[in-house]
Amino acid sequence: MKEIRTIGVVGLGAMGAGIAQLAVEAGYEVVGREVTAGLGNAAADRIGHFLTRKVEKGQLGQSERDAAAARLSVTTELAALAGCDLVIEAIVEELGPKRALFAELGRTVAPDAILATNTSALSVTEIAAATDTPERVVGMHFFNPAPLMPLVEIVRAELSSDLAVDAAANVGERLGKEVVRCHDTPGFVVNRILIPLLNDCVRVLDEARVSPESLDTAMRNGAGWPMGPCTLVDLVGIDVHVHAAEALYEKLREPRMAPPPRLVAMKNAGLLGRKSGRGFYRYDG
Ligand SMILES: NC(=O)c1ccc[n+]([C@@H]2O[C@H](COP(=O)([O-])OP(=O)(O)OC[C@H]3O[C@@H](n4cnc5c(N)ncnc54)[C@H](O)[C@@H]3O)[C@@H](O)[C@H]2O)c1
């Protein structure tokens, strides 16, 4: 089994910064790459802030916090990832930029390093095909927010080697996650089920003429959901959900996958959910 000591994280946005935080807390050296020094430093500050919050809540000792923060370095140079044993990509959800990045990563890291993508809805196999060594490419699909959501899906692409899949699964376990292994199918496991289900929930709003509050009450109390579907879509981000639904529809051509017009209109109006202050609900601050 390949030993992983240093992890590269490319893209330190919502997901990448969360993954980098998990990795430094688990004792890995982490090299984070962003497009500008400003974005990289801002992400390092956010990670430092979340680690401090854990100290304040009594979840982490001060010296452990400082040691974890010191294990993170940020860079704009891909070449700085040359010594990484595993690189996890978390850049924009577009095939072109991801394929360009993987082609470059393949030339940058050591031949036995493992390359992982955190894509939600793109084909890991298509991303892997941009490299000369697709056998070392896998999916590591974390959920948002990565430090809190317990699951990681480890995705085997068509040509992934057992060694790469096992190494990624071991890292997932060391990061404290529940690991579910699956094959490279659109939406993997959770989104393949959750996206059409949430689309149905939004369609029912109009068909049954119920309010978001009533729908959430119905699903929490009648189906035992811990959180109502409108609350969940607001939390995920209406733009993120619409984008993922469009990607699944493009691949599977099943009408239930297509985002309901009501959600597309909300996205176009800038009602993105919790992050924009308004979606199905209004949020203060
Ligand atoms: N947000 C979610 O709920 C969620 C959940 C699971 C997986 N994902 C997946 O994770 C990935 C990232 O999503 P996000 O929500 O963190 O996006 P985000 O927009 O918050 O972050 C993306 C970051 O990548 C940076 N970036 C873009 N190109 C880069 C490059 N070539 N090198 C380095 N940095 C680059 C951007 O500056 C940005 O900071 C996507 O593939 C997405 O589908 C997202």
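Q: How many salt bridges does the count come to by this rule?
A: The count comes to 12 salt bridges. Keep in mind that this is a predicted model.

Q: What makes Lys54 and Glu25 a salt bridge?
A: Look at the gap: the closest N and O atoms of Lys54 and Glu25 are 2.8 Å apart. The rule asks for a side-chain nitrogen of Lys or Arg within 4 Å of a carboxyl oxygen of Asp or Glu, so the pair qualifies. As for the general idea, side chains of opposite charge can pair when their charged atoms come close.

Q: Why is the pair of Lys54 and Glu25 said to link distant parts of the chain?
A: Lys54 sits in helix H2 (residues 37–56) and Glu25 in helix H1 (residues 14–25), with the two 29 residues apart.

Q: Why is Lys54 called partly exposed?
A: Its relative accessible area is 23%. Buried means under 20% and exposed means over 50%, so Lys54 falls in between. Glu25, at 28% relative accessibility, gets the label partly exposed as well.

Q: How do you know that Asp166 forms a salt bridge with Arg181?
A: Their closest N and O atoms are 2.9 Å apart, and the cut-off is within 4 Å, so the pair counts. This pair also links distant parts of the chain: Asp166 belongs to helix H6 (residues 162–174) and Arg181 to strand S8 (residues 178–183), 15 residues apart.

Q: What makes Arg181 partly exposed?
A: Arg181 comes out at 47% relative accessibility. Exposed takes over 50% and buried takes under 20%, so partly exposed is the label that fits. Its partner Asp166, at 26%, counts as partly exposed too.

Q: Why does the contact of Arg203 with Asp200 count as a salt bridge?
A: Here the closest N and O atoms are 3.7 Å apart. The limit is within 4 Å, so this pair makes the list. Both residues lie in helix H7 (residues 190–207), 3 residues apart, about one turn of the helix. Arg203 is partly exposed at 22%, and Asp200 is partly exposed at 26%.

Q: What joins Glu89, Glu93 and Lys98 into one network?
A: Salt bridges that share partners do that.

Q: Why are H8 and H9 called roughly perpendicular?
A: The axes of helix H8 (residues 212–222) and helix H9 (residues 229–236) cross at roughly 110°. Angles from 65 to 115 degrees count as roughly perpendicular, so the label applies to H8 and H9. Their axes come within 7 Å. At the contact, Pro212, Leu215, Asp216 and Met219 in H8 meet Pro229, Cys230 and Thr231 in H9. By class, that contact has 5 nonpolar, 1 polar and 1 charged residues.

Q: What makes S3 and S8 the edge strands?
A: Each of them pairs on one side only. They sit at the ends of an open sheet of 8 strands in the order S3-S2-S1-S4-S5-S6-S7-S8, with mixed pairing. On average, neighbouring strands of this sheet are turned by 25° against each other, direction ignored.

Q: How do you know that S1 and S2 pair?
A: Strand S1 (residues 6–10) and S2 share 5 bridges in the parallel sense. At least two bridges are needed, so S1 and S2 pair. Gly8 stands opposite Val31 in S2.

Q: Why is strand S2 described as mostly covered?
A: In S2 (residues 29–33), 4 of its 5 residues are buried.

Note on methods
Residues numbered from 1 in each chain as written. Predicted model: local features only at pLDDT ≥ 70, side-chain atom pairs only at ≥ 80, totals over all residues. Heavy atoms only, no water. Axes fitted to C-alpha atoms, helices over the stretch in contact; angles between N-to-C directions. Parallel < 35°, antiparallel > 145°, perpendicular 65-115°, else oblique. Contact = heavy atoms within 4.5 Å. Nonpolar A, V, L, I, M, F, W, Y, C, P; charged D, E, K, R; others polar. Buried < 20%, exposed > 50% of the residue type's maximum accessible area, 1.4 Å probe, protein only.
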